Amino acid sequence: MLISVGAILLPVRVRDSVRRWPLGVAALFMVIAALLLVRAAVPSVPSYYIGNLVWHDLNRNGQQDAGEPGLNGVMVKAYRTADHALLGSQVTQNNGNSDGAYVFSINGVASVYLVFDLPNGFTFTSQHQGTDDSLDSDVDPFTGRTDPIRADPAKPPGQAQNQWDAGLLNKLYERASAESSR
Ligand SMILES: [Ca+2]
Ligand SMILES: [Ca+2]
């Protein structure tokens, strides 16, 4: 079927599509703009480091004190909080400054938690003692697990979170100390 548009004769389908295409283009631009806005509104996850110490809590107070040594050879595992997927593992070692050190580099994962494997003869010290997070133990003594750890949005990418430590007690050491003090 042909209709007259001014002096132009066009098929109805062509005429309709010509009339509607500006709306189609506008809608396409709106969709693209909306996608760009959504992308801009969703913050990317900054990279961060988690560390850094497993130590022997000699006086059993749940805090790092002068003279309490780091413990090498302890397995530390990092899991993604969302689905409990294992992201990686570390064995504590001397990092040039201290025994008992570990570090994880986290990229693109919003939240993780750590699990510390107890060596034979050891138990975990009390969790969250005192007011200084850089000196306390962050491990649940019953599960060996930390709370979820997230990047600090106020800090730039590559930030270090070195306050995630684990204090261990040694039953044999405690017994020997108690007997020697009698
Ligand atoms: Ca201590
Ligand atoms: Ca801590």
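Q: Which residue stands opposite W55 in β12?
A: In this predicted model, β4 covers residues 54–56, and β4 pairs with β12 in the parallel sense. That pairing runs over three bridges. W55 belongs to one of these facing pairs, and its partner in β12 is G167.

Q: What is the bridge partner of F122 in β12?
A: β12 also pairs with β9, here in the antiparallel sense. Three bridges hold this pairing. Across from F122 in β12 is N170.

Q: How many residues does the largest nonpolar core have, and which have the most contacts inside it?
A: Seven strands are listed as giving two or more residues to this core: β3, β4, β5, β7, β8, β9 and β12. The core counts 24 residues. Those with the most contacts inside it are I50, V54, F116 and A166.

Q: Which residues is I50 in contact with, leaving aside its neighbours within four places in sequence?
A: β3 spans 48–50 and gives two or more residues to the largest nonpolar core. I50 is among the residues with the most contacts inside that core. With the sequence neighbours set aside, its contacts are F104, I106, I149, Q161 and W164.

Q: Which residues make up the covered face of β8, and which the uncovered one?
A: In a regular strand, side chains alternate between the two faces of the sheet. β8 runs over 111–116. Its uncovered face holds S111, Y113 and V115. Its covered face holds V112, L114 and F116.

Q: Which residue of β8 does A78 stand opposite?
A: β5 covers 75–80. β5 and β8 pair in the antiparallel sense, with five bridges between them. L114 lies on the covered face of β8. The residue opposite A78 is L114.

Q: Which residue in β10 stands opposite V112?
A: β10 takes in residues 149–150 and runs antiparallel to β8. Two bridges join the two strands. V112 is on the covered face of β8. Its opposite number in β10 is I149.

Q: Which are the edge strands of the four-strand open sheet?
A: The order of this sheet is β6-β5-β8-β10, with antiparallel pairing. An edge strand here pairs on one side only. The edges are β6 (86–91) and β10.

Q: By how many degrees are neighbouring strands turned against each other in the three-strand open sheet?
A: This sheet has the order β7-β3-β11, and its pairing is mixed. β7 and β11 (159–161) are the edge strands. On average, with direction ignored, neighbouring strands are turned by 25 degrees.

Q: Which residue in β11 stands opposite Y49?
A: β3 and β11 run parallel. Three bridges join them. Y49 faces A160.

Q: How many helices and strands does the protein have?
A: From the N terminus, the elements run β-β-α-β-β-β-β-β-β-β-β-β-β-α. One helix follows the opening two strands, and the chain of elements ends on a helix. The total is two helices and 12 strands.

Q: What share of the contacts with a separation of 6 or more joins residues 24 or more positions apart?
A: One such contact is that of I50 with W164. Of the 182 residues of the protein, 20% count as buried. For contacts between residues 24 or more positions apart, the share is 64%.

Conventions:
Residues numbered from 1 in each chain as written. Chains lettered and ligands numbered in written order. Predicted model: local features only at pLDDT ≥ 70, side-chain atom pairs only at ≥ 80, totals over all residues. Core = buried A, V, L, I, M, F, W, Y, C linked by C-beta atoms within 7 Å. Buried ≥ 20, exposed ≤ 12 C-beta atoms within 10 Å, placed from the backbone. Contact = placed C-beta atoms within 7 Å. Pairing = 2+ DSSP bridges. Axes fitted to C-alpha atoms, helices over the stretch in contact; angles between N-to-C directions.
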